[in-house]
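Please look over the sequence and the model before reading on. The turns below take up one part after another, with each answer worked out step by step.

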Amino acid sequence: MSSITIDNLTKYFQNNLAVNHINLKVADGEMIALLGPSGCGKTTTLRMLAGFMSPDDGQIFVGDRMVSSARKTVPPEKRNMSMIFQSYAIWPHKTVFENVAFGLELRSVSKEQLRSRVHRALEIVHLGKLANRYPSELSGGQQQRVALARAIVVEPEILLLDEPLSNLDASLRDEMRNEVKNLHEQLGFTTVYVTHDQGEALVLADRIVVMNHGTIEQVGTPEEIYESPATEFVARFIGRCNVLPGTLLPSGQVDIGGVLMAAKNYAAGVEKGHEVAASVRPHSIVMDSVECLRDRSETNCFTAKIEHHDYYGEFRDYTVRLQNSEIILSVVTPPHIRHEIGDEMYVQIPPEACRIVPRSASITAPVAEAILSVISDQ
């Protein structure tokens with residue numbers, strides 16, 4: 001296994017900056033997820049890692065070996081990496097065994113060793129009894145397992161996956177996601193996993209790299225990314241979140257259109273007197289018909305009216321508007337808590353659940369639409 005070092009990696013497509021001078025280190029045996037909306041640069045980064053593209057600037061190292069630079073790019077077949085594509089890319093005229101064996105045949109492995117390694121790889125992905133079938137006789141999930149077996153049978157230093165589960169239906173995605181996680185835990189390959197699905201990234205990755213407009217917005221564990229977003233973009237992109245633009249006052253409160261909100265959780269880079277965004281997870285908000293404590297400025301207790309209600313089985317999602325303001329919040333409650341549209345309630349936002357982040361100048365209309373599209377697919 002090997003570590004990966006990405007140093008100042010840059011890629012242009014004509015005049016468009018697809019990957020903007022990014023830096024990243026991946027530890028030996030670590031699984032990271034490159035996560036972001038379409039066009040953020042994650043797949044371009046992966047293709048440069050694989051050797052299918054050369055960078056316009058910067059370098060990529062595997063261990064101490066430089067494999068990519070603007071002057072020299074080691075070809076994919078000499079990198080000891082395996083890549084799994086979104087389309088599976090398995091040959092329809094070859095059996096499962098023949099598909100998996102192909103990479104070993106190119107390496108002139110002996111027949112006895114080839115058979116042993118192919119059968120072991122098929123057993124790992126639970127396809128041992130289907131070795132003689134053709135792809136047309138397999139389900140989508142089984143075909144993806146063939147791609148996984150073909151990738152691991154050559155014993156690569158690094159495993160690259162490009163949206164590998166996006167063609168599967170929801171139940172198969174969950175099943176294969178667990179398979180990928182088990183495979184990584186069992187074999188320990190250094191793994192780079194590209195996805196736009198935040199659920200996949202949160203479940204699979206040791207660390208998540210959130211990308212936007214060719215740059216890295218934040219790198220952290222799933223817990224860090226979800227609970228402590230560093231920017232407005234990350235707060236909006238990862239999970240359900242209320243993000244409220246405002247101004248950070250000298251008192252530490254945020255002025256959101258005339259409504260003052262106390263906070264105890266500040267990201268790096270926020271400055272008093274500057275524009276910020278208050279991010280609050282819907283499940284952190286308490287909603288009840290009982291009035292909050294009297295000192296509402298300190299407890300973030302507000303009167304609100306329910307404007308919309310969605311029932312999801314496992315929870316209820318209420319849309320409420322704070323009284324005498326334009327502030328609209330999403331509030332998630334357990335399914336047994338039921339209120340009616342038009343009910344007046346009290347909502348309380350614990351100050352420690354209010355994360356203050358810098359405003360993101362890169363939140364443009366197309367990006368916002370992409371974020372909403374991704375969230376609606378979850």
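What follows is a set of questions and answers on this predicted model.

Q: How many of the residues of strand β3 are buried?
A: Strand β3 covers residues 31-35, and on one side of it Met31, Ala33 and Leu35 are buried. On the other side Ile32 and Leu34 are buried as well, and both faces of the strand are therefore covered. The strand is largely enclosed by the rest of the structure, because the number of its buried residues is 5 of the 5.

Q: Which residue of β8 is the bridge partner of Ala33?
A: Strand β3 is joined to strand β8, residues 190-195, by 5 bridges, and the two strands run parallel. Within β8, the residue that partners Ala33 is Tyr193.

Q: Which residue of β9 is the bridge partner of Leu34?
A: Strand β3 is also joined to β9, in this case by 4 bridges, and these two strands run parallel. In β9, the residue bridged to Leu34 is Val209.

Q: How many residues of helix α4 are buried?
A: Helix α4 takes in residues 140-152 and reaches 19 Å from its first C-alpha to its last, which is close to the 18 Å expected. Its buried residues include Gly141, Gln143, Val146, Leu148 and Ile152, and among the elements that cover the buried residues are α2, α3, β7 and α5. The helix is mostly covered, with a buried count of 11 of its 13 residues.

Q: Which residues, leaving aside neighbours within four places in sequence, are in contact with Arg117?
A: Arg117 lies in helix α3, and it counts as buried because its relative accessibility is 17%, under the 20% cut-off. Once its neighbours within four places in sequence are left aside, the residues in contact with Arg117 are Leu104, Val109, Val153, Val154 and Glu155.

Q: How far apart in space are Arg117 and Ile341, C-alpha to C-alpha?
A: Along the sequence, Arg117 and Ile341 are separated by 224 residues. In space, the C-alpha to C-alpha distance between Arg117 and Ile341 is 62 Å.

Q: Is Glu163, with its positive phi, buried or exposed?
A: Most residues other than glycine have a negative phi. Glu163 has a phi near 45°, a positive value in a residue other than glycine, and its place is in the loop between β7 and α5. Since its relative accessibility is 11%, Glu163 counts as buried.

Q: What is the relative accessible area of His213?
A: His213 is in the loop between β9 and β10, and its phi is near 55°, a positive value in a residue other than glycine. His213 is partly exposed, and its relative accessible area is 41%.

Q: Which strands are the edge strands of the open sheet of 6 strands?
A: The open sheet has mixed pairing, and its strands come in the order β13-β12-β11-β15-β21-β14. An edge strand pairs on one side only, and in this sheet the two that do so are β13 and β14.

Q: Which residue of β21 does Ala278 stand opposite?
A: Strand β15, residues 275-280, pairs with strand β21, residues 355-358, in the antiparallel sense and over 4 bridges. The residue of β21 that stands opposite Ala278 is Ile356.

Q: How many residues apart in sequence are the parts that the pair of Phe52 and Phe85 ties together?
A: The count of aromatic pairs is 4. Phe52 and Phe85 form a stacked pair, at 6.3 Å centre to centre and with 25° between the planes. Phe52 lies in the loop between α1 and β4, while Phe85 lies in the loop between β6 and α2, so the parts tied together are separated in sequence by 33 residues.

Q: Which residue has its charged end over the ring of Tyr312?
A: The rings of Tyr312 and Phe315 have centres 4.8 Å apart and planes at 20°, so this pair is stacked. Tyr312 is partly exposed, with a relative accessible area of 42%. At 5.0 Å from the centre of the Tyr312 ring sits the charged end of Arg240.

Methods
Residues numbered from 1 in each chain as written. Predicted model: local features only at pLDDT ≥ 70, side-chain atom pairs only at ≥ 80, totals over all residues. Heavy atoms only, no water. Expected span 1.5 Å × (residues − 1). Buried < 20%, exposed > 50% of the residue type's maximum accessible area, 1.4 Å probe, protein only. Contact = heavy atoms within 4.5 Å. Pairing = 2+ DSSP bridges. Phe/Tyr/Trp six-rings, centres within 6.5 Å; stacked < 30°, edge-to-face > 60°. Lys NZ or Arg CZ within 6 Å of the ring centre and 35° of its normal.
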